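Please examine the sequence and the structure shown below. The paragraphs that follow lead through helix packing, the surroundings of the ligand, an annotated domain and some points of backbone geometry.

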Amino acid sequence: GRTLSFIRAPEHIDDTGSYRYESEGALLVEDGKIVAMGNFATVNAAAPEATVVIDHRPYLILPGLIDTHVHFPQMQVIASYAANLLEWLNTYTFPEECRFVEQAHAERIARAFFDEFFRNGTTTAVAYCSVHKASADAYFAESLRRGSLMIGGKVMMDRNAPQGLLDTPETGYDETRQVIADWHGKGRNHVAITPRFAITSTPEQMERVQALAEEFPDLHIQTHLSENHDEIRYTCELFPDARDYTDIYAHYGLLGPKSLFGHAIHLSDREADAMSEAGAVAVHCPTSNLFLGSGLFPLRKYQRRDKKLRIAVATDIGGGSSYSMLKTMDEAYKIQQLLGERLNPLESFHLMTLGNAEALSLADRIGTLEPGTDADFVVLDAAATPAMRLRMETVKSLAEELFLLQTLGDDRSVVETYVAGRAARPVS
Ligand code: GUN
Ligand code: FE
């Protein structure tokens, strides 16, 4: 097939130095790792004799797509009709997450979750499980079976939600430690410390979260920040001593280079400074921000700062409305259009691969097709539907093809998804 792998962020739409592309490309895969990437004839000549050749011409082979913020217990929340974030959480999302107290339910949804992600070409997700430890067990056990590199965490929340969805400062702490002991480093699994957001954690719980962050400084931390104006107002009422929303997390030592802040739409300059100084990541969730009416993520404003904010992109299922990172970047593009800015397709494809991998500090493992990295990749067809095929007739460049894939493509464009060198097959 044709291989495409980014090596840095593209500066403009003709920035051919930002990626490696082979029109007659090949990957050599051994034991779940990419061993060689390059021209087919060259790679094939150097391959061991018993190597099986899989022909993916004329399709594009890219690194597996990465989704840096998603809620695994919200598969049955998508398409819930609510006016805004807090109504959506209270009316649909919290009641649904209560169901994950049942192990069998969590296991069923975990199977469906991995099937759906691989069907969409996403090979790594960073997920919130529910408050129940069993939901994290179901998620990581399924990931281990599939051989995937997944990040996730048991959500910590001890107030402002239904009783069935609350832990306590102590149980949240103890169960998170147990999830880390059980799953971190098992297979390719990574555990993230996961306080849901400041509204659902008491100051006492935030102190226990801080203790975890200090005990496990290498783990990712994920939470929500500055998504919606009512949410911001309520949060600041709950923590009256904080300068602003970001300052709450900073106060508990949660602002660092492994910290992922979902949404981060309405940051003040002071908050953006605090984020960039700490090297924290703002996770853009375009379909969710539009679906819940949360706001337009000021990507360029954040990137034009003296010290750039680190940015990642994500679906935020079930606030988000598509599992597809292609659709996600289609909506990201339209958000920039509304802000009078541009987002070119090279940047979009960089973001959903290497860009997200760098935001997770995992670019040495995923997000490229570089030899030595894990063999997670996706095979994409930009002519997957009659309308795409017709449009493809007039496409003249790689950037145009990527833009077509992003604009009209979705799961129908995913020909195959490889996880650790194996074609992913649905189980549910
Ligand atoms: N803020 C706190 N919890 C959630 C959630 O589940 N989804 C979204 N979009 N925002 C949140
Ligand atoms: Fe979210």
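In this predicted model, helix α5, covering residues 169-183, packs against helix α6, covering residues 203-215, at an angle of about 20 degrees. Because angles under 35 degrees count as roughly parallel, α5 and α6 are roughly parallel to each other. Their axes lie 8 Å apart, and the crossing of α5 and α6 is right-handed. On the α5 side, the contact is formed by Pro 169, Gly 172, Tyr 173 and Thr 176, which meet Glu 204, Gln 205, Arg 208, Ala 211 and Leu 212 of α6. Sorted by class, this contact of α5 with α6 comprises 4 nonpolar, 3 polar and 2 charged residues.

A second pair consists of helix α3 (residues 103-119) and helix α4 (residues 133-146), whose axes are 9 Å apart and meet at an angle of about 40 degrees. What is the relation of α3 and α4 to each other? The angle of about 40 degrees falls outside the ranges for roughly parallel, roughly antiparallel and roughly perpendicular, and α3 and α4 are therefore oblique to each other. The crossing of α3 and α4 is right-handed. From α3, the residues Gln 103, Ala 106, Glu 107, Ala 110, Arg 111 and Phe 114 meet Ala 134, Ser 135, Ala 138, Tyr 139, Glu 142 and Arg 146 of α4. This contact of α3 with α4 divides into 6 nonpolar, 2 polar and 4 charged residues.

A third pair joins helix α12 (residues 325-338) to helix α15 (residues 398-408), with an angle of about 100 degrees and axes 7 Å apart. Since angles of 65 to 115 degrees count as roughly perpendicular, α12 and α15 are roughly perpendicular to each other. Here Leu 326, Met 329, Asp 330 and Tyr 333 in α12 meet Leu 405, Gln 406 and Thr 407 in α15. The contact of α12 with α15 has 4 nonpolar, 2 polar and 1 charged residues.

Attention now turns to the ligand. Around ligand 1 stand His 71, Leu 85, Leu 89, Thr 93, Arg 196, Phe 197, His 224, Glu 227, Ser 288, Asp 316 and Gly 319. Which helix gives the most to this shell around ligand 1? Helix α2, spanning residues 85-98, does so with 3 residues. By class, the shell around ligand 1 holds 3 nonpolar, 5 polar and 3 charged residues.

The UniProt record, an unreviewed entry, places the feature "domain: Amidohydrolase-related" at residues 61-422. Within the model, the end C-alpha atoms of residues 61-422 lie 14 Å apart. This span is 44% helix and 16% strand.

The backbone offers some further points of interest. Most residues other than glycine have a negative phi, and most peptide bonds are trans. Ser 226, however, has a positive phi of about 50 degrees although it is not a glycine; Ser 226 is located in the loop between β11 (220-225) and α7 (229-238). The peptide bond from Arg 57 to Pro 58 is cis, with omega near 0 degrees, and Pro 58 belongs to the loop between α1 (40-46) and β5 (60-63). A cis peptide bond, with omega near 0 degrees, also runs from Ile 317 to Gly 318. Gly 318 is part of the loop that lies between β14 (310-313) and α12.

Conventions:
Residues are numbered from 1 along each chain as its sequence is written. Chains are lettered from A and ligands numbered from 1 in the order in which they are written. This is a predicted model: local features need pLDDT of at least 70, side-chain atom pairs count only at pLDDT 80 or more; totals for chains, interfaces and linings use all residues. Axes are lines fitted to C-alpha atoms, for helices over the stretch in contact, and angles run from 0 to 180 degrees between N-to-C directions. Helices (H or I, at least four residues) and strands (E, at least two) are DSSP runs, numbered from the N terminus. Angles under 35 degrees count as roughly parallel, over 145 as roughly antiparallel, 65 to 115 as roughly perpendicular and the rest as oblique. A crossing is left-handed if the near helix is turned anticlockwise from the far one by less than a right angle, and right-handed if clockwise. Two residues are in contact if their C-beta atoms, placed from the backbone, lie within 7 Å. Ala, Val, Leu, Ile, Met, Phe, Trp, Tyr, Cys and Pro count as nonpolar, Asp, Glu, Lys and Arg as charged, and the others, Gly among them, as polar. A residue is near a molecule or strand if its C-beta atom, placed from the backbone, lies within 6 Å of it. UniProt positions are given in the numbering used here, feature names are shortened, and annotations may be inferred rather than shown by experiment.
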